[in-house]
2 protein chains.
Amino acid sequence: MVRMSSNIAAAQTRFLNDLEMAAWRTFIETHYDLMAAIEADMAPSGLTLGDYQVLVTLSEADEHRMRMCDLASILQLTPSGATRRLDGLVRSGWVVRLNSDVDRRVMLAVLTQAGWDKLHEALHPHVNSVREHFIDLLDENELRALASTFAKVREALER
Amino acid sequence: MVRMSSNIAAAQTRFLNDLEMAAWRTFIETHYDLMAAIEADMAPSGLTLGDYQVLVTLSEADEHRMRMCDLASILQLTPSGATRRLDGLVRSGWVVRLNSDVDRRVMLAVLTQAGWDKLHEALHPHVNSVREHFIDLLDENELRALASTFAKVREALER
DNA sequence: TGGTCATTATTGCGAACACAATCATCTGCA
DNA sequence: TGCAGATGATTGTGTTCGCAATAATGACCA
């Protein structure tokens with residue numbers, strides 16, 4: 001076990017210095033806590049963040065409806081994940097499934113009036129929560145830096 | 001359904017402007033893709049990111065061991081989540097459980113030599129992945145801004 | 001037209017993990 | 001000393017979601 005304390009560095013890897021480590025770790029850890037806080041703020045509305053995202057996405061879609069595969073792509077879910085998540089929303093009556101008359105393979109997820117009302121109910125608490133825990137803590141320069149930073153990361157990932 | 005297009009704004013909520021929305025959305029979406037990319041880069045080592053974090057945490061602990069409850073706290077897991085995650089690592093032989101002789105309620109998670117070796121094997125690919133997809137895309141000012149931003153968010157959450 | 005391949009959605013199965021209940025042990029105080 | 005409440009770990013149960021297999025349909029091309 002003594003050799004376990006030998007210096008692990010060796011090859012070409014440049015380990016993270018203090019600043020790099022601080023940036024990486026606070027990013028990871030804070031993301032988790034931030035999401036938990038926002039999720040908790042949504043609880044009184046009876047929506048999870050995942051359900052909320054479905055309702056927002058459908059509300060922004062043409063005719064408040066969307067193909068399952070497009071929904072899955074936007075929500076970063078696999079097809080099966082999208083099916084399962086929609087199951088809950090359908091049970092709650094916030095979304096209905098509708099067969100497409102253009103392509104008989106596709107199933108459309110359609111926002112109901114109840115779903116619209118539920119979204120309306122959850123919208124203000126959600127935005128206020130995002131502001132309180134995140135956006136309103138930052139000034140315009142910080143917001144710009146943040147957006148630019150993650151745009152870079154995203155662009156690199158898309159290569 | 002016509003009334004569904006009525007203006008949803010009304011109360012005191014300030015909705016997000018373009019910059020705020022861009023910062024928020026790129027942050028959320030990119031985090032997901034970034035984690036997926038890093039997780040994928042770890043796959044050849046046979047470790048999930050979750051398992052890797054356990055090994056790193058234990059390797060940094062005094063005598064390479066830690067109480068379950070402290071491990072759970074650091075890894076942002078519930079006690080039951082920590083128990084379940086450790087199960088896998090124990091099955092793989094990277095960690096052993098040991099009863100504490102100080103407090104007979106506590107179970108110590110102890111890194112094994114095999115666990116140390118596995119960590120050593122995964123360390124370079126992991127750090128390189130974090131650099132490639134994240135750290136090396138940013139200059140020093142951007143890293144400083146990032147660390148400062150999330151430190152603020154974290155501090156606000158801890159109130 | 002007919003056949004091959006791509007696309008869309010769902011289901012069975014399994015992994016990860018939170019919640020609540022449970023049990024063992026410790027701490028502090030009367 | 002003895003008991004009440006706090007603390008630590010685990011297990012049963014349920015939820016969410018990914019992977020692989022399956023089935024249905026569409027698109028393309030010879």
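## Two protein chains and two DNA strands

Of the elements that form the surface near DNA strand D, helix 4 of chain A gives the most, with 5 residues. The structure described here is a predicted model.

**The surfaces near the DNA**

Around DNA strand D there are 21 residues, and the closest are Ser80(A), Gly81(A), Cys69(B), Pro79(B) and Ser80(B). Both chains are therefore represented among these closest residues. Helix 4 (79–92) of chain A, helix 3 (68–74) of chain B and helix 4 (79–92) of chain B each supply at least two residues of this surface.

DNA strand C is surrounded by 22 residues, of which the closest are Cys69(A), Pro79(A), Ser80(A), Ser80(B) and Gly81(B). Two or more residues of the surface near DNA strand C come from each of helix 3 (68–74) of chain A, helix 4 of chain A and helix 4 of chain B. Here helix 4 of chain B gives the most, with 5 residues.

The make-up of the two surfaces by residue class is set out below.

| Surface | Nonpolar | Polar | Charged |
|---|---|---|---|
| Near DNA strand D | 6 residues | 7 residues | 8 residues |
| Near DNA strand C | 6 residues | 8 residues | 8 residues |

**The contact between the chains**

Chain A and chain B each bring 50 residues to their contact. On the side of chain A that touches chain B, at least two residues come from each of helix 1 (18–42), helix 5 (113–133) and helix 6 (140–157) of chain A. Helix 6 of chain A provides the largest share of that side, 15 residues. By class, the residues on this side of chain A are 31 nonpolar, 11 polar and 8 charged.

The relation between the copies can be stated precisely. A turn of 180° with a shift of 0.0 Å along the axis lays chain A on chain B with an RMSD of 0.0 Å. This is the relation of a two-fold axis. Of the interface residues of chain A, 98% are also interface residues in chain B, so the copies meet through the same surface.

**The sheet in each chain**

In chain A, strand 1 (residues 65–67) pairs with strand 3 (residues 107–111) in the antiparallel sense over 3 bridges. Within this pairing, Arg67(A) stands opposite Leu108(A) of strand 3. Strand 2 (residues 95–99) of chain A also pairs with strand 3 of chain A in the antiparallel sense, over 5 bridges. Leu98(A) has Leu108(A) in strand 3 as its bridge partner. Leu108(A) thus stands opposite Arg67(A) and is also the bridge partner of Leu98(A).

In chain B, 3 strands form an open sheet in the order 1-3-2, with antiparallel pairing. Strand 1 (65–67) and strand 2 (95–99) of chain B stand at the edges with a single partner strand each, so one side of each is left without a neighbour in the sheet. Direction ignored, neighbouring strands of this sheet are turned by 30° against each other on average. Strand 1 of chain B pairs with strand 3 (residues 107–111) of chain B over 3 bridges in the antiparallel sense, and Arg67(B) stands opposite Leu108(B) in strand 3.

Helix 4 of chain B lies across strand 2 and strand 3 of chain B and runs at about 115° to strand 2 of chain B. Helix 4 of chain B is also the element that gives the most to the surface near DNA strand C.

Conventions. Residues are numbered from 1 along each chain as its sequence is written. Chains are lettered from A and ligands numbered from 1 in the order in which they are written. This is a predicted model: local features need pLDDT of at least 70, side-chain atom pairs count only at pLDDT 80 or more; totals for chains, interfaces and linings use all residues. Two residues are in contact if their C-beta atoms, placed from the backbone, lie within 7 Å. Helices (H or I, at least four residues) and strands (E, at least two) are DSSP runs, numbered from the N terminus. Ala, Val, Leu, Ile, Met, Phe, Trp, Tyr, Cys and Pro count as nonpolar, Asp, Glu, Lys and Arg as charged, and the others, Gly among them, as polar. A residue is near a molecule or strand if its C-beta atom, placed from the backbone, lies within 6 Å of it. Two strands pair if DSSP finds at least two bridges between them. Copies are superposed by least squares on the C-alpha atoms of residues with pLDDT of at least 70 in both. Axes are lines fitted to C-alpha atoms, for helices over the stretch in contact, and angles run from 0 to 180 degrees between N-to-C directions.
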